[in-house]
Amino acid sequence: MLEWLQTLDGSILLWIQEVVRVGFLNPIVAFYTHLGDGGLLWIALSLLLLLFPKTRKAGLLSLCALGVGALLTNVALKHLVARPRPWLTVEGLRFLVEEHDPNSFPSGHTCAAFAAAGIWWRTLPARWARVTALVMAILMGLSRLYVGVHFPSDVLAGAAVGLLAAWIVWMLWRTVAGKKGWALR
């Protein structure tokens, strides 16, 4: 990784640890970040969306985007880049949750959050639901920084990969739906 980026990333994490972390928030943020383990929160919400006709497409496409994002992040990029977790390289950084995967780049939790939010932004009928999805995705990325298990560049890359996964699935859906005459919206 680039030396200047590593230094900047580490400085931001130490600033979060020293200035932003507040004792009463620690368990709340740790709980929220754990909801993203294995994409659990986004999978559960996607399955819930499948139950209702107006949101069925949102649920189906978000599950597909989650799959594409997991392949890109957890199967390919994490192993290709093999960037160590922050607490292994940033002196004085204390993490709040355990992570057993030693690879940090990109953030899989953030990727999953943005893959689902990217689809939901395009498909959910209610504006409040689209905005909520985006806010939840942003909070997931921030939670990964707060608990000290990802560098800021990991989170930004995870968001970008998640949005790319959502875009790929959306474009495939539009292509298939257009050829089959299915409703696009």
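## Glutamine 17 in helix H1

In this predicted model, glutamine 17 touches Gly92, Leu93 and Arg94, leaving aside neighbours within four places in sequence. Glutamine 17 belongs to helix H1. Its relative accessibility is 6%, so glutamine 17 counts as buried. The cut-off for that label is under 20% relative accessible area.

The side chain of glutamine 17 also makes a polar contact. The partner is the side chain of glutamate 18, at 2.9 Å.

## Nonpolar cores

The largest nonpolar core has 28 residues. Trp42, Leu61, Ile119, Trp120 and Leu124 touch the most other members. Five elements give two or more residues to this core: helix H3 (40-50), helix H4 (56-81), helix H6 (108-123), helix H7 (127-146) and helix H8 (152-180). H6 supplies the largest share, eight residues. Apart from this core lies another, of 13 residues. Its members include Ile16, Val29, Val90 and Leu93.

Leucine 61 shows how the packing runs in detail. Not counting residues up to four places away in sequence, leucine 61 touches Ile119, Thr123, Val169, Trp170 and Trp173. In soluble globular proteins, nonpolar side chains tend to be buried together.

## Helix H4

H4 has 26 residues. From first C-alpha to last, H4 reaches 36 Å, close to the 38 Å expected at 1.5 Å a residue. H4 has a kink of about 25 degrees, centred on alanine 70. Just after H4, alanine 82 takes a positive phi of about 55 degrees.

Which residues of H4 are buried? They are Lys57, Ala58, Gly59, Leu61, Ser62, Ala65, Leu66, Gly69, Thr73 and Lys78. The cover over these buried residues includes H3, H6 and H8.

## Glutamate 99 and its arginines

Glutamate 99 is found in the loop between helix H5 (86-89) and H6. Buried or exposed? Glutamate 99 has a relative accessible area of 16%, so it is buried. Leaving aside neighbours within four places in sequence, glutamate 99 is in contact with Arg85, Trp87, His109, Arg144 and Val149. Alanine 76 is 23 residues from glutamate 99 in sequence. The C-alpha to C-alpha separation of this pair is 18 Å.

Two arginines form salt bridges with glutamate 99. The side chain of arginine 144 meets that of glutamate 99 at 2.7 Å, N to O. This pair links distant parts of the chain, with arginine 144 in helix H7 and the two positions 45 residues apart in sequence numbering. Arginine 144 has a relative accessible area of 1%, so arginine 144 is buried. The side chain of arginine 85 meets that of glutamate 99 at 3.5 Å, N to O. This pair also links distant parts of the chain: arginine 85 is in the loop between H4 and H5, glutamate 99 in the loop between H5 and H6, 14 residues apart. Arginine 85 and glutamate 99 are both buried.

## The aspartate 9 bridge

How many salt bridges does the structure hold? It holds four. One of them joins the side chains of aspartate 9 and arginine 83, at 2.9 Å, N to O. This pair links distant parts of the chain. Aspartate 9 is in helix H1 (residues 3-20), arginine 83 is in the loop between H4 and H5, and the two are 74 residues apart. Aspartate 9 is buried, and arginine 83 is buried too.

Salt bridges that share partners join Asp9, Arg83 and Asp154 into one network. Side chains of opposite charge can pair when their charged atoms come close.

## Leucine 164 in helix H8

Leucine 164 sits in helix H8. Its relative accessible area is 39%, so leucine 164 is partly exposed. The label covers values between 20% and 50%.

Leucine 164 and leucine 72 are 92 residues apart in sequence. In space, their C-alpha atoms are 9.7 Å apart.

Methods. Residues numbered from 1 in each chain as written. Predicted model: local features only at pLDDT ≥ 70, side-chain atom pairs only at ≥ 80, totals over all residues. Heavy atoms only, no water. Core = buried A, V, L, I, M, F, W, Y, C linked by side-chain atoms within 4.5 Å. Buried < 20%, exposed > 50% of the residue type's maximum accessible area, 1.4 Å probe, protein only. Helix = DSSP H or I, 4+ residues; strand = E, 2+ residues; numbered from the N terminus. Contact = heavy atoms within 4.5 Å. Expected span 1.5 Å × (residues − 1). Bend = angle between axes of the 7 residues up to and from the residue. Polar contact = N/O pair within 3.5 Å; in protein donor to acceptor, adjacent residues only side chain to side chain.
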